[in-house]
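Biologist: Could you take me on a close look at the part of this protein where the ligands sit, and at what surrounds it? I would love one connected walk-through that I can follow on screen.

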Amino acid sequence: MSTDVTIVPSSVQGTVRAPPSKSYTHRAILAAGYAGDTTVRDALWSADTQATARAVTAFGGALERRDDGTLEVEGFDGRPEVPTDVIDCGNSGTTIRLVSGAAALADGTTVLTGDESLRSRPQGPLLEAITDLGGEATSTRENGQAPLVVTGPLAGGSVSIPGDVSSQFITSLLMAGAVTDQGIEIDLETALKSAPYVDITLEVLEAFGVDARQTDTGFAVEGGQSYDPVGGEYAVPGDFSSISYPLAAGAIAGEDGVRIEGAHPSAQGDTAIVEIVERMGADVDWDRGAGTVDVTAALLEGITVDVEDTPDLLPTIATLGAVADGETRITNAEHVRYKETDRVSAMAEELGTMGVETTEEHDSLTIHGDESRLEGATVSGRDDHRIIMALALAGLVADGETTVEGADHVDVSYPGFFSSLEELGVDLERQESG
Ligand SMILES: O=C(O)C1=C[C@@H](OP(=O)(O)O)[C@@H](O)[C@H](O)C1
Ligand SMILES: C=C(OP(=O)(O)O)C(=O)O
């Protein structure tokens with residue numbers, strides 16, 4: 001059973017709280033798994049982070065969740081057990097990649113799989129790196145995609161890996177490398193895309209007392225370290241990829257202003273959304289100390305945005321571009337095609353159904369705002385949380401109602417997304433579908 005959501009064009013007003021960061025929560029849960037006992041505060045409990053929690057349990061850890069969002073994690077102390085069953089990573093790229101590194105530490109074989117989308121995403125460079133470092137890692141179909149079979153233990157050493165497929169390979173190796181005998185030195189074969197996500201990793205590792213660093217040619221982590229968070233606790237900050245949706249809603253339909261709470265600074269590259277919305281002409285004020293962002297709608301102008309560091313913002317920016325006057329060019333977007341869906345095509349096609357003119361190139365998407373008139377339509381959410389949320393935003397200002405099919409997939413990163421829209425005054429209706 002899935003849920004379709006119909007959005008009636010609405011203005012938005014009021015205050016919403018950002019959900020906790022998905023990227024920080026994944027890392028905190030796995031780092032807590034590598035540690036002894038840890039309290040993870042303000043954890044995001046979504047379909048994706050629950051997949052990482054399942055993996056920690058499969059390796060011999062244990063998790064308990066309190067009503068206030070706190071997770072009590074009993075770790076496996078750097079020595080994952082061989083799981084008794086296949087690990088199902090669901091829809092989560094972060095889980096399958098970070099957990100493959102952990103699996104390579106176990107003295108035996110782990111099998112990892114996921115849903116149809118995850119089984120189509122690239123894992124080859126990570127499998128080769130694990131093999132080069134002394135483990136064994138293969139794809140059952142020999143196509144570099146899950147199901148994956150990973151056998152450890154891995155000793156560590158030096159390895160080279162491309163930087164333009166997924167930064168999650170680097171995160172995986174750094175997190176696992178800290179508890180290998182030799183440590184891991186990573187040389188990047190090509191420039192790193194999604195680089196701020198490795199900064200997030202370094203920030204979380206530091207909070208867990210693990211030393212890892214950027215080098216002239218890549219990254220390095222010493223072996224023989226222990227995960228030991230200061231005071232046995234870690235607190236997750238708010239999620240700026242998720243914040244991008246209420247922020248964009250305010251910029252296009254918030255004439256009386258929208259406030260987002262829980263927006264404290266961190267290593268997240270997606271904080272760039274604040275500046276992007278401001279450059280397009282909205283009135284935005286980010287109080288970093290208070291952790292609030294205030295936004296008021298204005299006539300938006302098309303701009304050029306490079307998403308090399310911020311791939312997850314593409315769907316939000318595409319919708320902003322559909323509302324803005326003039327052209328919005330989203331560049332350096334090739335890696336955005338390797339996500340839950342090919343998001344460059346998905347946004348071009350679904351916005352097209354709503355009457356928006358776009359030009360798609362391999363590594364860019366141009367939205368011709370001036371030639372577009374957003375018309376309400378029935379659109380497919382593509383079973384991709386970010387496509388669903390971006391299309392729902394377009395529905396706020398379309399001419400007529402918009403139905404987003406398969407909208408329940410927002411549970412991957414922002415389970416309360418439609419409730420947040422309702423809190424801001426949006427008129428919407430949920431329908432169960434087949
Ligand atoms: O490490 C992370 O938490 C993430 C890294 C990024 O992926 P890539 O590094 O594959 O671009 C991003 O798109 C994803 O949503 C989360
Ligand atoms: C791409 C995403 O996540 P993941 O890689 O973990 O599936 C995302 O959240 O947009």
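Modeller: Happy to; what follows starts with the domains, moves through the two ligand shells, and then steps out to the surroundings. Please keep in mind that this is a predicted model.

Let's begin with the framework. The protein is divided into domain 1 (2-19 + 238-433) and domain 2 (22-235). Their C-alpha centres are 29 Å apart, and 17 residues of domain 1 are in contact with 19 residues of domain 2. On the domain 1 side of that contact, the residues divide into six nonpolar, five polar and six charged.

Now for ligand 1. Around it you will find Ser23, Thr94, Ser166, Ser167, Gln168, Thr171, Ser194, Tyr197, Pro311, Asp312 and His335. By class, this shell has eight polar residues, two nonpolar ones and one charged. Both domains take part, since at least three residues of the shell come from each of domain 1 and domain 2.

Ligand 2 has Asp48, Ser92, Gly93, Thr94, Asp312, Lys339, Glu340, Arg386 and Ser413 around it. This shell holds five charged and four polar residues, with no nonpolar ones. Here, too, domain 1 and domain 2 each supply at least three residues. Thr94 and Asp312 appear in the shell of ligand 1 and again in that of ligand 2.

Asp312 deserves a pause. The UniProt record, an unreviewed entry, lists Asp312 as "active site". The residue is in the loop between strand S18 (304-306) and helix H9 (314-323). Asp312 counts as buried because 26 C-beta neighbours lie inside 10 Å, the cut-off being 20 or more. Setting aside neighbours within four places in sequence, Asp312 is in contact with Ser241, Asp270 and Arg386. Arg386 is also one of the residues around ligand 2.

The same kind of record can guide the next step. In an unreviewed entry, UniProt places "binding site" at Lys22, Gly93, Arg121, Gln168, Arg343 and Arg386. Of these, Gln168 is in the shell of ligand 1, while Gly93 and Arg386 are in the shell of ligand 2.

Lys22 is in helix H1 (residues 22-34). With 24 other C-beta atoms within 10 Å, Lys22 is buried. Beyond four places in sequence, Lys22 touches Leu44, Ser46, Asp48, Thr49, Asp239 and Ser413. Two of those partners, Asp48 and Ser413, belong to the shell around ligand 2.

Arg343 is found in helix H10 (residues 343-353). This arginine is buried as well, with 25 other C-beta atoms within 10 Å. Its contacts, again leaving out residues up to four places away, are Leu314, Pro315, Val336, Asp384, Arg386 and Ile387. Arg386, as you saw, lines ligand 2.

Gly93 and Thr94 lead us into helix H3 (residues 93-103), both being among the buried residues there. Helix H3 is largely enclosed by the rest of the structure, because 11 of its 11 residues are buried.

Next, the nonpolar interior. The largest nonpolar core has 74 residues, and those with the most contacts inside it include Ile252, Leu314 and Leu393. Helix H11 (residues 385-397) gives this core its largest share, 10 residues. Another core, of 69 residues, lies apart from it, with Tyr24, Ile29, Cys89 and Val204 among its members. In the largest core, Ile252 is in contact with Ala297, Leu300, Leu320, Val323, Leu393, Leu396 and Val397, leaving aside neighbours within four places in sequence. Leu314, which also has many of the contacts listed for that core, is one of the residues touched by Arg343.

For a contrast with these buried positions, try Thr190, in the loop between strand S11 (184-188) and helix H6 (196-207). Thr190 is exposed, with 10 other C-beta atoms within 10 Å. Outside its sequence neighbourhood of four places, Thr190 touches Pro162, Gly163 and Asp164.

Finally, a few backbone details. The peptide bond between Ala146 and Pro147 is cis, with omega about 0°, and Pro147 lies in the loop between strand S8 (136-139) and strand S9 (148-151). A cis peptide bond also runs from Gly152 to Pro153, with omega near 0°. Asp42, a residue other than glycine, has a positive phi near 55° and is buried, with 20 other C-beta atoms within 10 Å.

Key: Residues numbered from 1 in each chain as written. Chains lettered and ligands numbered in written order. Predicted model: local features only at pLDDT ≥ 70, side-chain atom pairs only at ≥ 80, totals over all residues. Near = placed C-beta within 6 Å. Nonpolar A, V, L, I, M, F, W, Y, C, P; charged D, E, K, R; others polar. Domains from an automatic or database assignment. UniProt positions renumbered as here; feature names shortened; annotations may be inferred. Helix = DSSP H or I, 4+ residues; strand = E, 2+ residues; numbered from the N terminus. Buried ≥ 20, exposed ≤ 12 C-beta atoms within 10 Å, placed from the backbone. Contact = placed C-beta atoms within 7 Å. Core = buried A, V, L, I, M, F, W, Y, C linked by C-beta atoms within 7 Å.
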